[in-house]
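This briefing concerns the ligand site, the internal spaces and the backbone geometry of a protein model. The sequence and structure are shown first, and the points are then grouped by topic.

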Amino acid sequence: MRSHGKRLLVLGAGTAGTMVANKVHKRLPDWSVSVVDRDDVHDYQPGYLFIPFGKQEPGQIRKSRRQFLAAAVEVVTGEIDRVDPEGQKVTLADGEVLGYDYLVIATGTSPRPEQTPGMLGEEWHRSVGEFYTYDGAVALRDRLSRFRGGRLVMHTTELPIKCPVAPLEFTFLADDFLRQRGLREQTELVFVTPLDGAFTKPVASRELSAELSKRGIKLETDFLIERVDQERQVIVSYDEREIEYDQLVTVPLNMGADFVGRSGLGDELNYVPVDKHTLQSTAHETIFALGDASNIPTSKAGSVAHFSVEVWLENFVELVEGRPMTHMFDGHANCFVESGQGKAMLLDFNYDVEPLTGDFPLPGVGPLRLLKESRANHLGKLAFRHIYWNALLPGRPLGLPAAMSMTGKHQEEK
Ligand SMILES: Cc1cc2nc3c(=O)[nH]c(=O)nc-3n(C[C@H](O)[C@H](O)[C@H](O)COP(=O)(O)OP(=O)(O)OC[C@H]3O[C@@H](n4cnc5c(N)ncnc54)[C@H](O)[C@@H]3O)c2cc1C
């Protein structure tokens, strides 16, 4: 059965929403595809990491959303206020109502400093810095350019966060930055995490902890922050540990969009519960959540958005043509970890397989190395900005399989 002329409404025109709109428009040309976002500013968020170190310019990572959306996709600019799943409609803050046959929620996740007492305040974006927003990354660049040594503390509030390796990357790049400026000797670098190790999974945690200690970076684990004391320049945990800082760089609690919670569609962090293989809402058949907005148990990353959209599209076409959905997203994530000195590591994993050491994509050849530093990995990470703007967002095929492969991975004895 062919499907005829229905309406897909996509909430959010970031990484996932842009890909969804472009791909559906191409595959189902008689459908009407509309996308809603609050503004016309699309940031390449992985670039936020490089701005504080002067390694990328703000202008290189910010573009108009419209230019990445196919001309036939309707773009609505407005703040999403509420979804009415039974009535199949969405209300914007200005009162406009948009109906849909199918809805994709792709409104991502964002840092919420107001959720931790004392984090916001006079010193926000000064001695309490962050790089998870454009403004925060630019402000931190100015702080670091004036930094003359002391205690530099990289802190993560709670998981999940988008790009969970970014705090580690920041720490490695800070180490490199300080060495180049002759400031490393007079700086104590501290990595503070709510986890019991440097990362979530055992092999990656072991390899990444080793990289921290190789660089003389102190690791503080199991730190659940209760408040920031801006006056005394300390962060305080629930078990009353205190960590002093001269410059704090924090990743605030990340949460999904508030309208998700208001509409009764989210969990306690406003993430939409979905079937982890089909990305379909567990409560409403006509709703899907893609990208960071869902509760799937894998990294919140652009690579996950990319792989999951590819699998989702095949299922969506089957669904609207009246067939059962037969494709299963495996949770595939692929993350480069900048480690300084022009090198990076690569992590490749899915729901069932943790990040392992090895070669990628070809055993013994690579050219990329898994969980080990290499120059090729770093070049891969840098190249990705161009791929993002020119191929990924427009929905062009990248030739990367959506499903994770075990080829080249070293399986360790447990
Ligand atoms: C510092 C940093 C480094 C990163 N590095 C990497 C990396 O190296 N590799 C990688 O794969 N990923 C990386 N990521 C993660 C990646 O950027 C995200 O996972 C990806 O952008 C998620 O896409 P998304 O479409 O789900 O959300 P987004 O791209 O964030 O888009 C969400 C959209 O929804 C809109 N929106 C939200 N609420 C509303 C509302 N109420 N009304 C209207 N519009 C709304 C927003 O304006 C936004 O445009 C990084 C992220 C950060 C912050």
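How far is an oxygen atom of the ligand from a polar backbone atom of Ser303? In this predicted model, the distance between the two is 3.0 Å. The points below place that contact among the other features of the ligand site, and then turn to cavities, a pocket and the backbone.

**Ligand site**

- Two further polar pairs involve ligand oxygen: one such atom is 2.8 Å from a polar backbone atom of Asp292, and an oxygen atom of the ligand is 3.0 Å from an N or O atom in the side chain of Lys381.
- The ligand on its own exposes 1000 Å², and the protein buries 92% of this area.
- Helix H1 (15-27) and helix H6 (302-320) are the elements that each give two or more residues to the shell around the ligand.
- There are 29 residues around the ligand, and those that come nearest are Thr15, Ala16, Asp37, Arg65 and Asp292.
- By class, the shell around the ligand comprises eleven nonpolar, ten polar and eight charged residues.
- Both domain 1 (7-111 + 255-320) and domain 2 (113-254) contribute to this shell, with at least three residues from each.

**Cavities**

- Rolling a probe the size of a water molecule over the atoms reveals where empty space remains.
- Three cavities of 30 Å³ or more are present in the structure.
- The largest cavity has a volume of about 80 Å³, and its lining consists of ten nonpolar residues, two polar residues and no charged ones.
- Residues that line the largest cavity include Leu159, Ile161, Pro164, Phe191 and Phe199, while Thr156 and Thr193 are also among them.
- The second largest cavity has a volume of about 40 Å³, and its lining divides into three nonpolar, three polar and two charged residues.
- Asp292 is one of the residues that line the second largest cavity, and Asp292 is also among the residues that come nearest to the ligand.
- Gly291, Ile296, Thr298, Ser299, Lys300, Ala301 and Val304 likewise line the second largest cavity.

**Second largest pocket**

- The second largest pocket has a volume of about 300 Å³.
- It is lined by 20 residues, of which Pro164, Thr200, Pro297, Thr298 and Ser299 are the closest to its centre.
- The pocket lining is made up of eleven nonpolar, six polar and three charged residues.
- Domain 1 (7-111 + 255-320) and domain 2 (113-254) each supply at least three residues to the lining of this pocket.
- Pro164 also lines the largest cavity, whereas Thr298 and Ser299 also line the second largest cavity.

**Backbone geometry**

- Most peptide bonds are trans, and most residues other than glycine have a negative phi.
- The peptide bond from Leu159 to Pro160 is cis, with omega near 5°.
- Pro160 lies in the loop between strand S12 (150-156) and helix H3 (166-180), and Leu159 is one of the residues that line the largest cavity.
- A cis peptide bond also runs from Phe360 to Pro361, with omega near -5°, and Pro361 is located in strand S23 (residues 358-362).
- His125, a residue other than glycine, has a positive phi near 65°.
- The position of His125 is in the loop between strand S10 (109-111) and strand S11 (128-129).

Key
Residues numbered from 1 in each chain as written. Predicted model: local features only at pLDDT ≥ 70, side-chain atom pairs only at ≥ 80, totals over all residues. Heavy atoms only, no water. Near = heavy atom within 4 Å. Polar contact = N/O pair within 3.5 Å; in protein donor to acceptor, adjacent residues only side chain to side chain. Areas by Shrake-Rupley, 256 points an atom, 1.4 Å probe, with all protein chains shown as cover. Helix = DSSP H or I, 4+ residues; strand = E, 2+ residues; numbered from the N terminus. Nonpolar A, V, L, I, M, F, W, Y, C, P; charged D, E, K, R; others polar. Domains from an automatic or database assignment. 1 Å grid on protein atoms, 1.4 Å probe; cavity = no way out; pocket = protein on both sides within 12 Å on 5 of 7 lines; lining within 4 Å. Points joined across faces, edges and corners; volume = space filled by probe spheres on them.
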